[in-house]
Amino acid sequence: MKKPIAYLLGLLLAAAALLYLSPAALFTSVQWFERQRADLSAKQITVGDLSIHYYEGGPRAAQSIVMLHGFAANKDNWLRFARHLTSDYHVLALDLPGFGASDKPAGSYDVGTQAERLAGILKALGIGKAHLIGNSMGGHISALYAARYPEQVLSVALFNNAGIDSPEPSELRQIIQRGEANPLVVRSREDFERLLQFVFVEAPTLPDSLKDYFAAQATANSVHYDRVFNHLIERYIPLEPELGKIQAPTLLLWGEQDRVLHVSSIEVMQPLLRQPSVVVMANTGHAPMIERPQQSAEHYRGFLKAHHD
């Protein structure tokens, strides 16, 4: 009975926020409601000198699933996807260092550094073997972690992951090569609108007040995101030599219409992996877990059932 009551309360709070409160209050209300639906709690841990924020939910004694977001994103990307997993799995969605509410250290943000930070975070959280899911940059980090720490990984799910020299260049790669402005870094309200169209086939429906709020947050972080993106490019670690080191079953799940990272990356990755599974989702862009959370979760649960029942 508690959950239906929480859902109703969340809807009432969101409606009140939409009518009477600020965009920040509306965002907080919607975020709380989605956490309740996903059975996730907001938590924080200090690892070394870094404050790391994350969501956690599901039975603690069950197998752990660790979720890693992409560039300029955060743990909220997984809320609607995680809703379909917390009944059976211990789920953690992290704000990686440099993103969301976690600290922004002065050092590097290349995927190798982030993979080592991830190792420290999981150790501090007491997570031994885990299933990893990563989207975009988070997929790059997940794959590298699985290659470096194969004994710690039960499975890997890579959603439109970075780190591959795809046979067909993505639209983002072509934009960067031409020296044009990075569409993933928002510097204005108009940039945010273009970002939604660039990342999704069907962008999430958001009220204008929330778009204004998200755009302001992203614009405030634009200098930091420029620095992070430069680290990812200048200190690039290709995945091709690493994929053969991954021992765990690996799901390659891609949105067919991804403009950020081309779906042809699968052609490179599949022959290099020991236990690959492939899903290509039609009418889907760069973030399947946001654009089609239930369908993505069904594919993922099918993958887990095939390899871990």
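**Exercises: a sheet and two helices**

In this predicted model, eight strands make up an open sheet with mixed pairing, in the order 1-2-4-3-5-6-7-8.

**Exercise 1.** Find which strands are the edge strands of the sheet.

Solution. Start from the strand order, 1-2-4-3-5-6-7-8. An edge strand pairs on one side only, and this holds for strand 1 (40-47) and strand 8 (276-281). As for the twist, neighbouring strands are turned by 20° against each other on average, direction ignored.

**Exercise 2.** State in which sense strand 5 and strand 6 pair, parallel or antiparallel, and name the helix that packs on the sheet there.

Solution. Strand 5 (residues 130-135) pairs with strand 6 (residues 153-159) in the parallel sense, over six bridges. Take Gly134 as an example: its bridge partner in strand 6 is Leu158. Helix 5 packs on the sheet and touches strand 3 (64-68), strand 5 and strand 6. The direction of helix 5 makes about 145° with that of strand 5.

**Exercise 3.** Classify the arrangement of helix 4 and helix 5, and describe their contact.

Solution. First, the geometry: the axes of helix 4 (residues 111-124) and helix 5 (residues 137-148) come within 9 Å and cross at roughly 70°. Angles of 65 to 115 degrees count as roughly perpendicular, so helix 4 and helix 5 are roughly perpendicular to each other. Their crossing is right-handed.

Next, the residues. Helix 4 contributes Val111, Gly112, Gln114, Ala115, Glu116, Leu118, Ala119 and Leu122. From helix 5 come Met137, His140, Ile141, Leu144, Tyr145 and Arg148. Sorted by type, the contact has nine nonpolar, three polar and two charged residues.

Notes
Residues are numbered from 1 along each chain as its sequence is written. This is a predicted model: local features need pLDDT of at least 70, side-chain atom pairs count only at pLDDT 80 or more; totals for chains, interfaces and linings use all residues. Side-chain values use heavy atoms; hydrogens and water are left out. Axes are lines fitted to C-alpha atoms, for helices over the stretch in contact, and angles run from 0 to 180 degrees between N-to-C directions. Helices (H or I, at least four residues) and strands (E, at least two) are DSSP runs, numbered from the N terminus. Angles under 35 degrees count as roughly parallel, over 145 as roughly antiparallel, 65 to 115 as roughly perpendicular and the rest as oblique. A crossing is left-handed if the near helix is turned anticlockwise from the far one by less than a right angle, and right-handed if clockwise. Contact means heavy atoms within 4.5 Å. Ala, Val, Leu, Ile, Met, Phe, Trp, Tyr, Cys and Pro count as nonpolar, Asp, Glu, Lys and Arg as charged, and the others, Gly among them, as polar. Two strands pair if DSSP finds at least two bridges between them.
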